[in-house]
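Hi everyone, thanks for making time. I'd like to walk you through a structure that's probably new to most of you, so have it open while I talk.

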Amino acid sequence: MEHTTLGPKDLITIQDLKEHLLLLQKSVDEDESRYLVRVLRKLSITRRRITPQILAKLIEESLKEESKTKSLLVTIFPSTLIKEDEKEEEEKEMQIEIEKEEEKEEGEDEEKNKQKRNIIVQAKYPEEKAYLQLLSLLQLFKLKDYENALKLCEFSIDFIEKKNRRTLDSFLSKVFFYYSRINEILGHSKQIRKKLLSAYRTSTLRRDVSTQAVLINCLLRNYLQFNLYDQGDKLISKSQFPPDSLNSQHVRYLYYLGRIKAIQLDYTESFRCLREAKRKAPRAGARGFRLSVNKFLCIVQLLTGEIPEIELFMEKDLHKYLKPYFELTSAVRTGNLGDFKKVVLREAQVFKEDQTYSLILRLRQNVIKTGLKKLNSAYSRISFEDISKKLQLDSSDSVESICSKAIFDGVIDAIINHEEKYIKFKEMGDLYSTLIPQKAFGQRIKFCLNIHNLAVKNMRFPEELLKEQEEIDTEDGKEQLKELEKMSANNEEGKGDFDQGEPGNL
């Protein structure tokens, strides 16, 4: 790394990071988790602003010399990245930049601005050290320095687990996520499986919800990487995913669960999980995740016998990558086995990379069933040989067994003449006289009610408003009680007056 001068924006970033450290101190001192949550929420923005030079200066100023965290981080981000003779210039530039910002800002107190100029923070709690370790880890991951990042992950995990403080749980979950991801990139996924399982047991005993959710997802990803679907299913059956976990972790869990259920032929449950994962995924960003969900959702919906909506393939930043799946869907919709085979052969490499190839091979029966439905609506009687030509089957010998299976499954309503080798279709009745529309309507109602229940469950209200409402309710209740007492007293007085027969009450 070369020596570089810290610019005015970098110096402001350092001051912001010091404010984050102060918030962490305040969170521990006042035992208020909301300050910790506020810092973690800004992490996605902070990670884009930090540089190795910023971290080097922050580590040098915030950590004590005897700190083990500092001794490790200094070797990764040495303070020599900043020249000694440039420190005075940096301080002057910082003062100039802050003064400019003060002129732009209106209505702020001068005392707050003065305090912001020279924030001196010394990390005295493990939360602050864990935060600095996490920032360093994010920077190393960004620079693709995976060897140093792995060392830092192992150090952070050991550091946080020894402290055993509930305020460090959020940091531990994030470190474990990058620990799993870095080992996957380096090709060490199989070696870390035991450690992940051990860590999951520990987090369960400690009731660490955030770490439990992350580790379950890491283990499921690990199993899917090596096609260990049975082990993944056992993990799901033996563990319980925390209902209070973050939305991002819940979405990942639904995606992995949908993939496992698809391999196990439970297409209905798989489709439900993948559809919910798509609905809960972020609209902007996470393009790779949304793309993978759309691919599996398309295949699973085809396997259930339904045709995906055109909107699935028309998303702005995804339609280019979903083109092979759109062509595949068109072949299944038309019931053309020849076109289906061409698409599968041409895009086989793409499907294998997406890990959807084995599921796509199962779609052959769906293409044949769609073709038979079309023949049912067009013909009253057709020979096996003609069916073989129309559906572009390899030979006419298997037509009889295919038609028998379709009749047994209720795909078509027909009679097979085995001697003369033809099939006679029965006349199609009125669809609305059957229970099919009722079932479809019932499914839609169930889906809408499920969304409503989830929305109500996830609603959050500020605590201050709730307290104010409770105070108002208690005050209103007291006033109403006073009014009722007055009314009852007046009634009693009126009763007495009336019994006595006074003229004023007649």
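Let me start with a question: leaving aside its neighbours within four places in sequence, which residues is isoleucine 387 in contact with? Once those close neighbours are set aside, you'll find Leu372, Leu375, Ile382, Val399, Cys403 and Ile423 touching isoleucine 387. Before I go further, please keep in mind that this is a predicted model.

So where does isoleucine 387 belong in the bigger picture? Ile387 is part of the largest nonpolar core, which has 118 residues. Ile387 is also among the residues with the most contacts inside that core, along with Phe171, Phe340, Leu372 and Ile423. Notice that Leu372 and Ile423 turned up a moment ago as contacts of isoleucine 387. As a bit of background, nonpolar side chains tend to be buried together in soluble globular proteins.

Okay, let's zoom out to the whole chain. There are 506 residues, and buried ones make up 40% of them. The secondary structure comes to 25 helices and three strands. If you take the contacts with a separation of 6 or more, 66% of them are between residues 24 or more positions apart. As for the surface, the chain exposes about 30900 Å², and carbon and sulfur atoms supply 51% of that.

With that many helices, let's pick one pair and see how they sit together. Take helix H5, residues 68–76, and helix H9, residues 146–163: their axes come within 11 Å and cross at roughly 175°. Anything over 145 degrees counts as roughly antiparallel, and therefore that's what we call H5 and H9. What does the contact consist of? On the H5 side we have Lys68, Thr69, Leu72, Leu73 and Ile76, and they meet Asn148, Leu152 and Phe155 in H9. Sorted by type, that contact has five nonpolar residues, two polar and one charged.

Just ahead of H9 is aspartate 145, in the loop that links helix H8, residues 126–142, to H9. Aspartate 145 is partly exposed, at 27% relative accessible area. Its C-alpha is 9.8 Å from that of isoleucine 182, and the two are 37 residues apart in sequence.

Now let's go to the start of the chain. Leucine 11 sits in helix H1, residues 8–30. Is leucine 11 buried or exposed? Buried, because its relative accessibility is 2% and the cut-off for buried is under 20%. Leucine 58 comes 47 residues away from leucine 11 in sequence, with 10.0 Å from C-alpha to C-alpha.

Step past H1 and you reach aspartate 31, in the loop between H1 and helix H2, residues 33–41. Aspartate 31 counts as exposed, at 68% relative accessibility. Threonine 167 is 136 residues away from aspartate 31 along the chain, yet their C-alpha atoms are separated by 9.3 Å.

Next, a couple of backbone oddities. Arginine 207 has a phi near 60°, a positive value in a residue other than glycine. You'll find arginine 207 in the loop from helix H11, residues 193–205, to helix H12, residues 209–225. With a relative accessible area of 72%, arginine 207 is exposed.

Leucine 265 is the other one: phi is near 70°, so again we have a positive value outside glycine. Leucine 265 lies in the loop that runs from helix H14, residues 247–263, to helix H15, residues 267–280. At 55% relative accessibility, leucine 265 counts as exposed.

While we're around H14, let me show you serine 248, which is placed in that helix. Serine 248 is partly exposed, at 37% relative accessible area. Its partner for today is alanine 213: they're 35 residues apart in sequence and 9.9 Å apart from C-alpha to C-alpha.

That's my tour. If you go back to one spot afterwards, try isoleucine 387 and look for its contacts, including Val399 and Cys403.

Conventions. Residues are numbered from 1 along each chain as its sequence is written. This is a predicted model: local features need pLDDT of at least 70, side-chain atom pairs count only at pLDDT 80 or more; totals for chains, interfaces and linings use all residues. Side-chain values use heavy atoms; hydrogens and water are left out. Helices (H or I, at least four residues) and strands (E, at least two) are DSSP runs, numbered from the N terminus. Buried means under 20% relative accessible area, exposed over 50%, partly exposed in between (1.4 Å probe, protein chains only). A nonpolar core is a set of buried Ala, Val, Leu, Ile, Met, Phe, Trp, Tyr and Cys residues joined through side-chain atoms within 4.5 Å. Contact means heavy atoms within 4.5 Å. Axes are lines fitted to C-alpha atoms, for helices over the stretch in contact, and angles run from 0 to 180 degrees between N-to-C directions. Angles under 35 degrees count as roughly parallel, over 145 as roughly antiparallel, 65 to 115 as roughly perpendicular and the rest as oblique. Ala, Val, Leu, Ile, Met, Phe, Trp, Tyr, Cys and Pro count as nonpolar, Asp, Glu, Lys and Arg as charged, and the others, Gly among them, as polar. Accessible areas come from the Shrake-Rupley method with a 1.4 Å probe; for residues, only the protein chains shown count as cover.
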